[in-house]
Amino acid sequence: MNDSVHLKYLAIGPGDLAWGTAINSVGYQEVAPGEAYPPGDHPSRYLFSTRRGRILDEYQLIYITRGSGHFKSAHLPHPVDVRPGTVFLLFPGEWHTYMPDPSTGWKEYWIGFNGSQMDSWVEGGFFSPSRPIWQAGLHNGIVSLYQDAIETATGQESGFQQRLGGIVAHLLSLARYYDRKETFSEISDQIARAKIIIDENAGTITPEELASKLCIGYSKFRKSFKEYTGFPPAKYIQQVRIGKIKEALTNSTRPVKQIAYEMGYDNDDYFFTVFRRLTGMTPQQYRNLTRGPKENKK
């Protein structure tokens, strides 16, 4: 028996798109084994033939919590397996089709939305039609967010669109987070150890020494570290060093050059160049800004 909630044509006020995200639809549906898909009570605006597929004018984030099936899109023309814990993102203007396996059916949650915030994340490379699927796994927190969105959309109280926009951002961040956690499960412990070593030895450690301490070849370590953190090891160490220098500039009276030397910068000109490039100001300007104006002497 079909169990579903469809909330469509949600009210979008003049300021909702200006907020950055506006939600068009949210809901869930459960498709029993052997049941036709899409079910007959699927919203007419979103009806599609699984054979022909469809193209939407919005983003949709879909989460499968039960059953299995497959997904295809213009960027992924060969069927990709879908299982419990799979999240997939539909892009406006992108052809796609998906359906549950008749032998299992499935349960899906979805939320449809538009807005400049998502457009900017796509332009920034955080999301792409070439990689629309994530294996986030089953998490009560994700289901709770969808349920919260359904409840919020049902009430449609003042400011509900902004609340839904926040939920969408949270869902997207969790999908990426859990997927990356699963992808890097084999090296996450090593990266965590590397970060601890860097924090404790930021002024002296080199990337090559770091790889040696972890008993990993440097090339492999550099590649894994950059994929996991977004930084090459050398740049990450530099960021930690500058962070510790900024903290010392704010919370101590030690001379700037002494602080820099303690963090491994024995070339003053190089240090000042790096600090200005990363912060937009000199070390003394940063110290003056973060310590506040001096009290007038009486």
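A crossing of two helices is called right-handed if the near helix is turned clockwise from the far one by less than a right angle. In this predicted model, the crossing of helices α5 and α8 is right-handed, and the crossing of α8 and α11 is right-handed as well. The points below treat these helices, an open sheet of three strands, the largest pocket and two details of the backbone.

**Helix packing**

- Helix α5 covers residues 188-200 and helix α8 covers residues 233-251; their axes come within 10 Å and cross at roughly 40 degrees.
- Angles under 35 degrees count as roughly parallel and those from 65 to 115 as roughly perpendicular, and α5 and α8 are therefore oblique to each other.
- Helix α8 also packs with helix α11, which comprises residues 283-291. Here the angle is about 55 degrees and the axes lie 8 Å apart.
- The pair α8 and α11 is therefore oblique too.

**The open sheet**

- The sheet is built from three strands in the order β5-β4-β7, and their pairing is antiparallel.
- Strands β5 (80-82) and β7 (96-100) stand at the edges. Each has a single partner strand, so one side of each is left without a neighbour in the sheet.
- From one strand to the next, the twist averages 25 degrees.
- Strand β4, residues 69-73, pairs with β7 in the antiparallel sense over five bridges.
- Which residue of β7 is the bridge partner of His70? The partner is Met99.

**The largest pocket**

- The volume of the largest pocket is about 210 Å³.
- Its lining includes the aromatic residues Phe126, Phe127, Trp134 and Phe184. Also among the lining residues are Arg131, Arg176, Asp179 and Arg180, as well as Gly125, Ser128 and Thr183.
- By class, the lining divides into four nonpolar, three polar and four charged residues.
- Which helix gives the most to this lining? Helix α4, residues 160-183, does so with four residues.

**Details of the backbone**

- The peptide bond from Tyr37 to Pro38 is cis, and its omega is near -5 degrees.
- Pro38 lies in the loop between strands β2 (22-31) and β3 (59-67).
- Gln156 has a positive phi of about 45 degrees, although this residue is not a glycine.
- The loop that holds Gln156 runs between helix α3 (140-155) and helix α4. Helix α4 is also the helix that gives four residues to the lining of the largest pocket.

Note on methods
Residues numbered from 1 in each chain as written. Predicted model: local features only at pLDDT ≥ 70, side-chain atom pairs only at ≥ 80, totals over all residues. Heavy atoms only, no water. Pairing = 2+ DSSP bridges. Axes fitted to C-alpha atoms, helices over the stretch in contact; angles between N-to-C directions. 1 Å grid on protein atoms, 1.4 Å probe; cavity = no way out; pocket = protein on both sides within 12 Å on 5 of 7 lines; lining within 4 Å. Points joined across faces, edges and corners; volume = space filled by probe spheres on them. Nonpolar A, V, L, I, M, F, W, Y, C, P; charged D, E, K, R; others polar. Parallel < 35°, antiparallel > 145°, perpendicular 65-115°, else oblique.
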